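Trainee: Could we go through this one together? I'd like to see how each label is earned.
Mentor: Happy to; let's have it in front of us.

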Amino acid sequence: MNLQLEDVSIRRGAFALRCSGTFGAGVHLVSGPVGSGKSTLALLLAGLLTPDSGTVRRSGISSALLSLQFPEHHVTCSTVAEEVRSWGLAPERILAGAGLADRAEDDPLRLSRGELKRLNLACIIARDPDLLLLDEPFSALDCAGKRLACRAIEARKEGITVIFTHERTVLPRIGTLWEMERGALTPRGDVPDAIRRWRHAPPYLEYALEQGARPANIALEDVREALCRIRG
Amino acid sequence: MQDPRLRILVTVTLSVAAFASVAGAVATLVWWACFASRRRALPRPTMLLGVIGMIAATAVVAEISGGAGFAYAIRMIAILMIATWTYADRRDGEMIDVFVWLLGDRIGFEIGLIAEMGLQSLEVIRQDVAQLQAAMALKGVRAGVRTIVPLAVNLIVTQLRRSEEQSRLLSVRGYTLGGRICPKFSTSRRELVISALAVLFAIFALIPVHDIFYSYTVKI
């Protein structure tokens, strides 16, 4: 199962996106600042944008889903329960998991953006597609919500998961790291080797590397463990 | 057209002419065909066909029920063409420039800011609609009667929330009333000529030329 990009490019006014690479099974993190082209790449991988040139090849992928950056864009129904059903899921389990069991009959637009994000992530992850694309999955979430989202992402055993984010505090364990800058996608390789090549690594990782620690992954727990190891 | 003052003048003049009479609408279309940068100004074909389709359907219903359907269609198409041309040529901030030039730093700035925010939100709504379409495609939901109401509510609520955030932001930054800017405009000779032609077209379309010649003939 993989997703291949061959010399793909998209131009929108002054902005140009250029990328090549292969996304295999596992968790990928596409990191980059706001406006670097992550959302455009997410739409492209989801098949919702057609490249101006180059090809996007899917192999062994029978289902794909994208969680959009702003959760309100996903709303197509008048109640929270209907919203879950519109994803082809039973509301009870999803709403309990998202901490919204008592909000089933509410208008989804009455939920806060964080609650809506939790609902949206719970639905999309529960669908368990072969290709799961998450555009800024941690935005609008508090730290507890971010950690829950990380655990849910890490719990996916199969398929390709691609996270597009500028998040720099709470991150899940990943397999492969990519960086996006000014529309160009650069592969940094597999973790842990990729960590040292991460140009815009989060401050806690930079600190750990400066101290001589070699974390096994990018999650805060891994960094903490690596720091404890070198300090005895 | 670089000078937003002339562009707004042309837009208002031709829109009034098109609204006032069929002759005005025809004059507006002639002006648009001769002087507007048509290819750049036209919206995407699907959107253009959709809007023209809606106008045509309304016109047919009006015509069948005894109203002036044809006159309605030609007027609306003329106004649509001028509106798309104006929108395609606009630049961020020019509404504030024009209204400050016209009405000064207080009232002019206020009206210009409101107009600017309104126009910029059109682009944001366009992006929202694209995202909603993407979300529907992901769910496999087809646009229909059942989905149109929640989607419309979603767009309106999102826009209202955004407006509230913007107003709070202005308030937090200490905005109360008016502001000081020195607008600068550049005008070419061609722009002056085609703007004058638009005004002439509108005057001829609005003046009941037939009545003038008729009364002149009767006097003779």
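**Two sides of a helix**

Mentor: On one side of α8(B), R189(B), L192(B) and V193(B) are exposed, and this side is the other one from the buried residues. Keep in mind that this is a predicted model.

Trainee: Which residues of α8(B) are buried?

Mentor: They are S195(B), A198(B), F201(B), A202(B) and A205(B). Each is called buried because 20 or more other C-beta atoms lie within 10 Å of its own.

Trainee: What puts them on the same side of α8(B)?

Mentor: They cover an arc of only 115 degrees around the axis, so they share one side of α8(B). As background, an α-helix has 3.6 residues a turn, so residues three or four places apart point the same way.

Trainee: And what covers the buried residues of α8(B)?

Mentor: The cover includes α1 (4–20) and α2 (22–35) of chain B.

Trainee: How do you know what span is expected for helix α8 of chain B?

Mentor: The helix runs over residues 189–206, which is 18 residues. At 1.5 Å a residue, 26 Å is expected, and the reach from first C-alpha to last is 26 Å, so the two are close.

Trainee: Now chain A. Why is E221(A) called partly exposed?

Mentor: E221(A) has 13 other C-beta atoms within 10 Å. Exposed needs 12 or fewer and buried needs 20 or more, so E221(A) falls in between. E221(A) sits in helix α8 (residues 220–230) of chain A. Its C-alpha is 9.8 Å from that of V170(A), 51 residues apart along the chain.

Key
Residues numbered from 1 in each chain as written. Chains lettered and ligands numbered in written order. Predicted model: local features only at pLDDT ≥ 70, side-chain atom pairs only at ≥ 80, totals over all residues. Helix = DSSP H or I, 4+ residues; strand = E, 2+ residues; numbered from the N terminus. Arc of directions from axis to C-beta. Contact = placed C-beta atoms within 7 Å.
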